[in-house]
Number of protein chains: 2
Amino acid sequence: MTKNRQWLLRKRPEGMISQEHFECVETEVPELGPGEVLMKTLCLSFDPTQRGWVNDMESYMPPVALGEVMRAGSVGQVVDSNSDAFRIGDLVQGLGGWQDYFVTQGAALNQLPQGVTPEMALGVLGTTGLTAYFGLLDIAEPIPGDTVLVSGAAGATGSIAGQIAKIKGCKVVGIAGGPDKCRWLLESAGFDAAIDYKHEDVEQRVQELCPERLNIYFDNVGGSILETALGQLAMNARVVLCGGISGYNALEPSPGPNNLMNLVITRSRMEGFIVIDYLQRMAEFIEDMGQWLQEGKIVHAEDIQTGFENIPATLQRLFSGQNLGKQLLKLGEPEPR
Amino acid sequence: MTKNRQWLLRKRPEGMISQEHFECVETEVPELGPGEVLMKTLCLSFDPTQRGWVNDMESYMPPVALGEVMRAGSVGQVVDSNSDAFRIGDLVQGLGGWQDYFVTQGAALNQLPQGVTPEMALGVLGTTGLTAYFGLLDIAEPIPGDTVLVSGAAGATGSIAGQIAKIKGCKVVGIAGGPDKCRWLLESAGFDAAIDYKHEDVEQRVQELCPERLNIYFDNVGGSILETALGQLAMNARVVLCGGISGYNALEPSPGPNNLMNLVITRSRMEGFIVIDYLQRMAEFIEDMGQWLQEGKIVHAEDIQTGFENIPATLQRLFSGQNLGKQLLKLGEPEPR
């Protein structure tokens, strides 16, 4: 029998999530039932939203149960199949979780398109890119000439959202933590300006860089940066609530921005969205993003960790801001088909 | 010469606005210049937004300057005119301010339509009604069957917004302060339910009354009630930010709602607006509202104070929640034309 290592959710975190909330166990890979597929995990996706999945709270998905394998997006290779839709050797994507092997009905898996690497499938061409694409285009509705501020700008979603805004003819300013990330935004990702929130006064820098004020604020962080951005809105601005990573590990809910009346004065709107509502529009996204990638208009960075034992610590990297671009962990390379 | 009493802004309030921030003076009414009109004030409008006008802060209108007559909507009668558009005896509406006589270019005045009383022109058929109408229909976009929560529901705007939502086939719950206002909402304004925020647990009552959660929240108050409403949103909900009276007299900006992430989880939007953007669509509103009034589908209440000396205290009534319906102060009756 093949052994299957798994990281199970052992207790619910209060405050910062860490390895102590998980337990590593070894189980047998069960026999496949009818229609089932066995996927060997090659690459795991790490996303800030996973922090919400372990809270005992109703949300857009049910919480991960105690004792359950930690939920995570993943890419793997089919190593056994009772499904007509999948053959051994196929590269597939799904919510495989923190384990070596994932047994599931074929319906829960998608084939990776030809030529798409696991890294891209989980990042720029996956739900991360999809989030940036529809968050910006569908919720913010950019107009050429708009001034767009993006927080978490060197993260997986923010970096893509900012570049799409550039493609759409906007002026784009990114907020990120540290000079390396800011340099990357300017020199690699083509942002017009970058603000290092760890070393600069964000409000003052936004005022300097955006005297015309903000038509769009794409928020990945919440907290004080959201408040600052709300204070700098242009008329009829759009605030996209994509995430609020600054508060995900807080022990108590943090107070919100004290200046929501600016939404009234500037006749602006603030809107949240969840990428799963856009999964059925994946084709639109893939067509545009595929072309932009071919034309070299979008760069994408991945921070790739390794080692099954390092999985929980890799999730923490998101919350300490260590990652530049998409956070991944690689467990293996595909076997030749 | 005719004497003109005026209430001037003498100092900017920090915290609660009161009579001490104004000074009553008596001046001469100046000679009319070309095109100018002299209006005798008959009725003053009191609106929470006036509190913002006296702050030394950029907003949707310039602040009232120190030493200037306090800005206010008003209805009056033309007593002298150098304008071809106005004749003595005409009933007109404008931003006449806290004074007996208002000298202005005719362009700053509007004729009252035949049969419209000063009270209605400043309330249900004026910018108050316009605010409720476009805030609800244009920003919230109600769908028959929607559950709509309105705060400040016994106030001028909230009471009309809730009734328009009823006309549009929604279930409407109002939040107001005290049993008298709640009774009025149920017995006169036809709300489906009322919550007395002074004596009831708002969150618990919203949960009881709206187990299907809120499709629309029409916010006139901000603060903790906004936070409570955000915690009870249905999917794709619309939060209309019309006002935030709970914070207008605060010494420091109050923290905002700590649960903005609910906008993400429920894919909801929160949007502000200012009624002056809709002034050019007044005709649409008048057509609908005129018909609803004729059909008895909208009731409207006015709280009418009197006495020039009571003007500043009447503004305070808004912030202590003493008014039911539109707060007005009457200075005189029209002379027969």
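Of the residues in chain A, Gly256(A) gets closest to the rotation axis, with its C-alpha at 2.0 Å. This is a predicted model, where local features need pLDDT of at least 70, side-chain atom pairs count only at pLDDT 80 or more, and totals for chains, interfaces and linings use all residues. Residues are numbered from 1 along each chain as its sequence is written, while chains are lettered from A and ligands numbered from 1 in the order in which they are written.

**The two copies**
- Chain A superposes on chain B by a rotation of 180° with 0.0 Å of shift along the axis, at RMSD 0.0 Å (a least-squares fit on the C-alpha atoms of residues with pLDDT of at least 70 in both).
- The two copies are thus related as by a two-fold rotation axis.
- Both copies use the same surface, as 100% of chain A's contact residues recur in chain B (contact: C-beta atoms, placed from the backbone, within 7 Å).

**The shared sheet**
- Twelve strands make an open sheet with mixed pairing, in the order β10(A)-β9(A)-β8(A)-β11(A)-β12(A)-β13(A)-β13(B)-β12(B)-β11(B)-β8(B)-β9(B)-β10(B).
- Strands here are DSSP runs of E, at least two residues, and helices are runs of H or I, at least four, numbered from the N terminus; two strands pair if DSSP finds at least two bridges between them.
- β10 (193-196) of chain A and β10 (193-196) of chain B stand at the edges with a single partner strand each, so one side of each has no neighbour in the sheet.
- In chain A, β12 (233-241) and β13 (269-272) run parallel, joined by four bridges.
- Val239(A) sits opposite Met270(A) in β13(A).

**A helix on the sheet**
- Helix α6 (202-209) of chain A lies across β8 (147-150), β9 (171-176) and β10 of chain A, at about 165° to β10(A) (axes are lines fitted to C-alpha atoms, for helices over the stretch in contact, with angles from 0 to 180 degrees between N-to-C directions).

Methods: Two residues are in contact if their C-beta atoms, placed from the backbone, lie within 7 Å.
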